[in-house]
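Morning, everyone. Please have a look at the model on the screen, and then I'll walk you through it.

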Amino acid sequence: MAGPDYGALGATFKIVRLLQVISLLGCIGMAANFISEMVSQNNSPSEELVGTLSVTCIAILYCAITVILHIDNILPYLINTVMDGLMLIALSVVAIVVGKPLSYLNCQVVGTSSVAESASQLSSQLKDTFNKQGGKVVYSNWIGANKTTCYEMKAIWGLSIALCILFAFSAMCSVCLWRRSKTVPPKDMA
């Protein structure tokens with residue numbers, strides 16, 4: 001992967017973008033799987049998951065475009081800094097909305113009321129997670145339906161927090177790269 005030679009700063013920018021893409025792919029995969037499960041049961045997916053999927057899809061597209069522009073040395077770093085800041089805000093909203101009910105939930109105790117849950121008990125738990133008006137999934141009830149859902153949602157929450165840190169860091173790298181690209185090397189006197 002070529003690109004402009006900005007030394008350690010340029011390499012750091014590329015590594016941070018790679019980590020962002022990996023985290024975003026994880027969020028997209030889990031959120032899309034949950035939405036698919038909800039839709040396959042003829043229910044409307046929760047707004048929290050649809051919002052998470054929308055923001056992460058936009059963010060991964062943005063990351064791909066900026067890496068290409070960086071490699072071709074035509075990335076406007078100042079605009080990139082602003083865009084990274086906007087991505088940081090969007091992902092902060094995702095982390096807050098997804099994490100608010102999760103912060104009170106202990107996944108280890110979800111579903112431990114009996115030694116072995118029957119299929120009918122699990123089915124009744126899942127039915128309780130749906131709002132009777134329009135078959136819309138109630139997010140705060142749904143995340144506590146079983147351990148797997150709880151842990152996967154906590155993974156999405158953790159990845160969204162990590163993405164906030166990564167986008168803040170890439171914004172700082174972009175400012176430094178912008179300043180570095182604006183400096184003119186000294187001319188030879190010979």
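One definition before we start. Buried here means under 20% relative accessible area, and exposed means over 50%. Partly exposed is what falls in between. Keep in mind that this is a predicted model.

With that cut-off, take helix 3. Its buried residues are Y77, N80, T81, D84, M87, L91, V94, A95, V98, G99 and L102. What covers them? The cover includes helix 1, helix 2, helix 5 and helix 6. Now the length of helix 3. It has 26 residues, and at 1.5 Å a residue they should span 38 Å. The end C-alpha atoms are 36 Å apart, so the expected and computed spans agree.

Let me step back to the whole chain. It has 190 residues, and 35% of them are buried. There are six helices and two strands. From the N terminus, the order is α-α-α-α-β-β-α-α. So the two strands come after helix 4 and before helix 5. Next, contacts between residues at least 6 apart in sequence. Of these, 79% join residues at least 24 apart. The accessible surface is about 10700 Å². Carbon and sulfur atoms account for 66% of that surface.

Now the record. An unreviewed UniProt entry gives "transmembrane region" at residues 15-36, 48-71, 77-98 and 156-180. I checked two of those spans against the model. Residues 48-71 are 100% helix and 0% strand, with end C-alpha atoms 35 Å apart. Residues 77-98 are also 100% helix and 0% strand. Their end C-alpha atoms lie 31 Å apart.

Next, charge. Side chains of opposite charge can pair when their charged atoms come close. How many salt bridges does the structure hold? One. The partners are R17 and D84, at 3.0 Å from N to O. R17 sits in helix 1, residues 7-40, and D84 sits in helix 3, residues 77-102. They are 67 residues apart, so to speak of distant parts of the chain is fair. Are the two partners buried or exposed? Both R17 and D84 are buried. D84 you have met already, in the list for helix 3.

On to the nonpolar packing. The largest nonpolar core has 28 residues. Which residues have the most contacts inside it? They are L49, Y139, W142, M153, I156 and F167. Helix 1, helix 2, helix 3, helix 5 and helix 6 each give two or more residues to this core. The largest share comes from helix 1, with eight residues. There is also a second, separate core of six residues, and Y6, F13, L75 and C173 are among them.

M153 is a good place to zoom in. Set aside neighbours within four places in sequence. M153 is then in contact with F34, L49, V98, L102, Y139, W142 and I143. Two of those, V98 and L102, are on the buried list of helix 3. Three others, L49, Y139 and W142, are among the residues with the most contacts in the core.

Stay with W142. It lies in helix 5. Its relative accessibility is 6%, so W142 counts as buried. Its C-alpha atom is 9.1 Å from that of S46, although the two are 96 residues apart along the chain. And where is S46? In the loop between helix 1 and helix 2. S46 has 0% relative accessibility, so this loop residue counts as buried. Not counting residues up to four places away in sequence, S46 touches M38, V137 and Y139.

Last topic, backbone angles. Most residues other than glycine have a negative phi. Two asparagines go the other way. N42 has a positive phi of about 60 degrees. So does N73, again at about 60 degrees. N42 is in the loop between helix 1 and helix 2, and S46 shares that loop. N42 is exposed, because its relative accessible area is 71%. N73 lies in the loop between helix 2 and helix 3. At 43% relative accessibility, N73 counts as partly exposed.

To close, two things to look at on screen. One is the buried pair, R17 and D84. The other is M153 and its contacts, W142 and L49 among them. Thanks, and over to you.

Notes. Residues numbered from 1 in each chain as written. Predicted model: local features only at pLDDT ≥ 70, side-chain atom pairs only at ≥ 80, totals over all residues. Heavy atoms only, no water. Salt bridge = Lys/Arg side-chain N within 4 Å of Asp/Glu carboxyl O. Helix = DSSP H or I, 4+ residues; strand = E, 2+ residues; numbered from the N terminus. Buried < 20%, exposed > 50% of the residue type's maximum accessible area, 1.4 Å probe, protein only. Expected span 1.5 Å × (residues − 1). Contact = heavy atoms within 4.5 Å. UniProt positions renumbered as here; feature names shortened; annotations may be inferred. Core = buried A, V, L, I, M, F, W, Y, C linked by side-chain atoms within 4.5 Å. Areas by Shrake-Rupley, 256 points an atom, 1.4 Å probe, with all protein chains shown as cover.
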